[in-house]
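Work through the exercises below with the sequence and coordinates open. Each task is followed by a solution in steps.

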Amino acid sequence: MMKFTAIANANIALVKYWGKRNKELILPQNSSISVTLDGLNAVTTVEFDDKYDKDIFILNGKEQTENELERVISTLNIVRDLANIQTKAKVSSNNNFPTAAGLASSAAGGAAIALAATKAAGLDFSKEKLSIIARRNSGSASRSVEGGFVEWLKGEKEDGSDSFGKQIAIEDHWPEFRIIATILTTKEKKIKSRVGMAKTVENCPYYKCWLASIDEDLDKVRKGILEKDFTTVGQIAEQNAIKLHALMFTTKPAIIYWLPETLKMVHLIPEWREQGLECYFTIDGGPQVKIICLEKDVEEIKKRLSDINEIKEIHVSKPGSAAKTIEEHLF
Ligand code: 2P0
């Protein structure tokens with residue numbers, strides 16, 4: 001058995017995933033589209049070895065128990081079944097950005113463990129198969145296996161074999177595209193996406209409307225990406241994020257990730273647009289606001305952000321590459 005290390009980038013959805021049709025296989029109610037983010041990544045080392053008598057998972061230097069460990073064990077079990085082995089493993093993963101603060105750390109981690117674990121078990125899978133394994137770790141991870149712009153196809157099959165991330169365009173297709181993630185708090189969020197989305201599917205009265213409108217958003221964003229039509233992609237992505245949070249607000253009990261700082265940004269960005277600075281916002285399962293813009297406006301936006309005291313830090317990302325293995329191991 002060997003030790004392998006993989007690096008995978010986070011992603012930000014331009015058309016969001018929110019709700020499962022199968023919780024065990026992590027099959028979504030709707031397809032989603034994301035951009036893989038250069039520089040916001042997880043590095044994961046996996047070693048299967050008889051010297052381990054149980055699976056061990058270390059995240060950012062801390063040994064994990066309960067939920068986080070269980071999620072890793074479930075991915076290891078899938079890989080062990082596929083490789084026909086019983087060997088226990090040690091997994092160590094480091095994120096270079098805050099975990100569980102709405103920056104899709106589970107996406108980068110899920111993609112990195114899928115690649116590192118399969119390689120360490122002696123398997124050499126296609127991106128499609130890796131994406132399916134990553135999906136079963138965390139839905140959004142299915143989109144971080146590929147680089148550039150990715151659509152997670154919801155699929156129709158019961159077994160999930162047609163539900164994986166498919167590249168729409170490579171990272172070099174639209175090199176001017178930027179996401180500026182503004183970090184407004186580094187505190188962990190109270191409601192995990194997994195729990196929140198299940199409640200929305202269960203009792204949000206507007207969930208049907210969300211599903212009825214999603215194909216139009218997907219079509220426009222997919223076409224907008226291919227044509228590099230920034231206005232369409234930005235407008236639809238922003239509206240899609242507002243719709244997502246409207247679903248969250250109207251779920252019982254209400255899921256409100258927004259902080260006063262979040263709302264401040266939600267007001268500011270359209271004002272900047274009116275002043276001729278074309279940028280849009282998107283928000284995920286947390287309070288952070290991500291700004292969608294083009295390279296030419298990054299300096300001006302950074303200047304304006306530097307005057308906002310509530311912003312703790314920012315990360316500027318261009319479209320990033322697919323998950324890959326690297327030589328440097330974490331242990
Ligand atoms: C997304 N989010 O499309 C949406 C938008 C959060 C808001 O994917 O239960 O951590 O592991 O499948 O992938 C967060 O959900 O949930 C997410 P699981 P995941 O990016």
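A salt bridge is a side-chain nitrogen of Lys or Arg within 4 Å of a carboxyl oxygen of Asp or Glu. The model used here is predicted.

**Exercise 1.** Decide whether Glu227 and Lys223 form a salt bridge, and state how they are placed in helix H5.

Solution.
1. The closest N and O atoms of Glu227 and Lys223 are 3.7 Å apart.
2. The cut-off is 4 Å, and the pair is a salt bridge.
3. Both residues belong to helix H5 (residues 207-227); because they are 4 residues apart there, about one helical turn separates them.
4. Lys223 has 52% relative accessibility and therefore counts as exposed, since the limit for exposed is over 50%.

**Exercise 2.** Describe the salt bridge between Asp284 and Lys16, including its place in the chain and the burial of both partners.

Solution.
1. The closest N and O atoms of this pair are 2.7 Å apart.
2. Asp284 sits in the loop between strand S11 (280-283) and strand S12 (289-294), whereas Lys16 sits in the loop between strand S1 (3-15) and strand S2 (20-22). The bridge thus links distant parts of the chain, 268 residues apart.
3. Buried means under 20% relative accessible area. Asp284, with 14%, is buried, and Lys16, with 1%, is buried.
4. Shared partners join Lys16, Asp284 and Lys290 into one network of salt bridges.
5. The count of salt bridges in the model comes to 21.

**Exercise 3.** Which parts of the chain does the salt bridge between Asp55 and Arg80 tie together?

Solution.
1. Asp55 and Arg80 form a salt bridge with their closest N and O atoms 2.7 Å apart.
2. Asp55 lies in the loop between strand S4 (32-48) and strand S5 (56-59), and Arg80 lies in helix H1 (residues 66-83), so the pair ties together parts that are 25 residues apart in sequence.
3. Asp55 and Arg80 are buried.

**Exercise 4.** Locate the ligand relative to the domains and list polar contacts to its oxygen atoms.

Solution.
1. The shell around the ligand holds 18 residues, of which Tyr17, Lys20, Ser138, Gly139 and Ser140 come nearest.
2. By class, 6 of the shell residues are nonpolar, 6 polar and 6 charged.
3. Helix H4 (residues 193-203) gives the most to the shell, with 3 residues.
4. Domain 1 (3-172 + 321-326) and domain 2 (177-317) both give residues to the shell, so the ligand lies between them.
5. Among the contacts, a side-chain N or O atom of Ser138 is 2.7 Å from a ligand oxygen, and a polar backbone atom of Gly139 is 2.7 Å from a ligand oxygen. A polar side-chain atom of Arg143 lies 2.8 Å from an oxygen atom of the ligand.
6. The ligand taken alone exposes 460 Å², and the protein buries 93% of that.

**Exercise 5.** Examine the backbone at Ile26, Asn84 and Pro253, and place each residue in its loop.

Solution.
1. Ile26 is a residue other than glycine with positive phi, near 55°. Its loop runs between S2 and strand S3 (27-28), and Ile26 is buried at 2% relative accessible area.
2. Asn84 also has positive phi, near 60°. Asn84 is in the loop between H1 and strand S7 (89-95) and counts as exposed at 66% relative accessibility.
3. The peptide bond from Lys252 to Pro253 is cis, with omega near -10°. Pro253 is in the loop between helix H6 (230-249) and helix H7 (260-274).

Key. Residues numbered from 1 in each chain as written. Predicted model: local features only at pLDDT ≥ 70, side-chain atom pairs only at ≥ 80, totals over all residues. Heavy atoms only, no water. Near = heavy atom within 4 Å. Polar contact = N/O pair within 3.5 Å; in protein donor to acceptor, adjacent residues only side chain to side chain. Areas by Shrake-Rupley, 256 points an atom, 1.4 Å probe, with all protein chains shown as cover. Helix = DSSP H or I, 4+ residues; strand = E, 2+ residues; numbered from the N terminus. Nonpolar A, V, L, I, M, F, W, Y, C, P; charged D, E, K, R; others polar. Domains from an automatic or database assignment. Buried < 20%, exposed > 50% of the residue type's maximum accessible area, 1.4 Å probe, protein only.
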